[in-house]
Amino acid sequence: MEQNVIHLNHCQKEIFCFAVPQVCPSCGEELKGRRLQEAPVSLPSPFTDGHKTSCCLLVAPAHNNQDRDFSGTSDLHTGISNTKGVVYNYTQDGVQQDQSGWGHCVSIPLVRPDTFHMLAQWDQYLERFSEGPTWDPVWHKFHEDDHNCFSFCLQFLNSILAMEGRSLLSREDFTRSFILPRMRRVSKYTTLIQHLQKHQYYMVDRQETETQGDRQDESAPTS
C-alpha cells in the first residue's frame with residue numbers, strides 16, 4: 001500500500017515525512033499544539049484507481065513492467081475509461097475491456113463534468129470506436145511504434161474532437177500538453193517517496209508564496 005506523504009511548515013522549513021514527528025527535525029522544538037495554519041497536511045497522490053474514474057485517459061505500468069513503476073525507462077500502457085470505470089485498451093489481441101487491473105495508474109480527465117451531452121453518449125462512442133476494423137487484429141496488427149495502445153487512445157480522442165468541430169491533436173501535442181506534465185509530477189512524487197524511505201525526512205527552505213501543488217513539484221529531491 002502506498003504511504004501518505006505528510007507536509008508541514010516549521011522554523012521557516014518545509015518538512016516532508018510519513019508521520020508527524022514529536023519534535024521538529026530541523027530545530028528540535030516540540031511540535032505538539034502548533035497553530036492551525038501550520039497544521040500538517042497530506043500531499044495528494046498523483047495515482048488513482050482507474051476503475052473509479054469516468055471518461056479519463058489512464059496510464060499504467062505495462063504487463064511486462066515487472067517493477068510496476070512509472071520510470072522513464074519502463075514500459076507504460078494506456079487506456080480510456082467509460083462512465084462505469086471499465087477500461088478500454090488496445091493490445092496485440094485487440095481491444096480489451098478491463099474491469100480490474102488498473103487500480104494504480106495516472107488519470108487524465110477528458111470530459112468536463114458539466115458537458116452533459118458528451119457524458120451521456122461517451123460509452124456509446126467508445127464502444128462503437130473500439131469495434132472498428134482498425135483495432136481488429138485480423139485486419140491490423142498491433143505495432144509497438146505506430147499502431148499501439150496510445151494510438152487507440154489518441155485516435156478516439158480525435159474522433160470526439162472532430163465530431164465537435166474542434167482541432168485535432170498530434171501525438172506530440174497531446175504528449176506535451178497532457179501526458180508529460182502528469183508524468184513529471186509522478187517522477188517527483190516517486191523520488192520524494194524513495195528519499196523518505198531512506199532518510200525519514202526531507203526539508204527545504206519555506207516558500208511563502210507557493211501553493212501546495214507547487215510545493216510538491218518544486219521541493220521534491222532530485223536524487
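Let's start with one small detail: the side chains of Asp98 and Asn89 are joined by a polar contact of 2.9 Å. (A polar contact is a pair of N or O atoms within 3.5 Å; within protein, one must be able to donate a hydrogen and the other to accept it, and residues adjacent in sequence count only if both atoms are side-chain atoms.) Keep in mind that this is a predicted model, where local features need pLDDT of at least 70 and side-chain atom pairs count only at pLDDT 80 or more, while totals for chains, interfaces and linings use all residues. Residues are numbered from 1 along each chain as its sequence is written, and side-chain values use heavy atoms, with hydrogens and water left out.

Asp98 has a second side-chain partner, too: a polar contact of 3.0 Å links the side chain of Asp98 to that of Trp102. Not counting residues up to four places away in sequence, Asp98 touches His51, Gly85, Val86, Val87 and Asn89, where contact means heavy atoms within 4.5 Å. Asp98 sits in strand S7. Here helices (H or I, at least four residues) and strands (E, at least two) are DSSP runs, numbered from the N terminus.

Now zoom out from S7 to its sheet. Five strands make up this open sheet, in the order S7-S6-S5-S4-S8, and the pairing is antiparallel; two strands pair if DSSP finds at least two bridges between them. The edge strands, S7 (94–98) and S8 (106–109), each pair on one side only. On average, neighbouring strands of this sheet are turned by 30° against each other, direction ignored. Axes are lines fitted to C-alpha atoms, for helices over the stretch in contact, and angles run from 0 to 180 degrees between N-to-C directions. Inside the sheet, S4 (residues 56–61) and S5 (residues 76–81) run antiparallel and are joined by five bridges. Leu58, for instance, has Gly79 in S5 as its bridge partner.

Two helices pack on this sheet. Helix H1 (residues 116–130) touches S5, S6 (87–91) and S7, and its direction makes about 130° with that of S5. Helix H2 (residues 149–163) touches S4, S5, S6 and S7, with its direction at about 30° to that of S5.

How do these helices sit against each other? Two packed helices are described by the angle between their axes and the distance between the axes. H1 and H2 pack at about 130°, with their axes 11 Å apart. That angle makes H1 oblique to H2: angles under 35 degrees count as roughly parallel, over 145 as roughly antiparallel, 65 to 115 as roughly perpendicular and the rest as oblique. On the H1 side, the residues are Met118, Trp122, Tyr125, Leu126, Phe129 and Ser130, and they meet Phe152, Gln155, Phe156, Ser159, Ile160 and Met163 in H2. By class, this contact of H1 with H2 has nine nonpolar, three polar and no charged residues. (Ala, Val, Leu, Ile, Met, Phe, Trp, Tyr, Cys and Pro count as nonpolar, Asp, Glu, Lys and Arg as charged, and the others, Gly among them, as polar.)

H2 also packs with helix H3 (residues 171–199), at an angle of about 90° and with the axes 11 Å apart. H2 and H3 are therefore roughly perpendicular to each other. Phe150, Ser151, Leu154 and Leu157 of H2 make the contact with Arg171, Phe174, Thr175 and Ile179 of H3. By class, the contact of H2 with H3 has five nonpolar, two polar and one charged residues.

There's another open sheet to find, this one with four strands in the order S3-S1-S2-S9 and antiparallel pairing. S3 (41–42) and S9 (202–205) stand at the edges with a single partner strand each, so one side of each is left without a neighbour in the sheet. Four bridges join S9 to S2 (residues 13–17), and the two run antiparallel. Glu14 has Val204 as its bridge partner in S9.

Finally, take a look at two loops. Most residues other than glycine have a negative phi, and most peptide bonds are trans. Gln12, in the loop between S1 (6–10) and S2, has a positive phi of about 60° although it is not a glycine. Cys55, in the loop between S3 and S4, also has a positive phi, near 55°.
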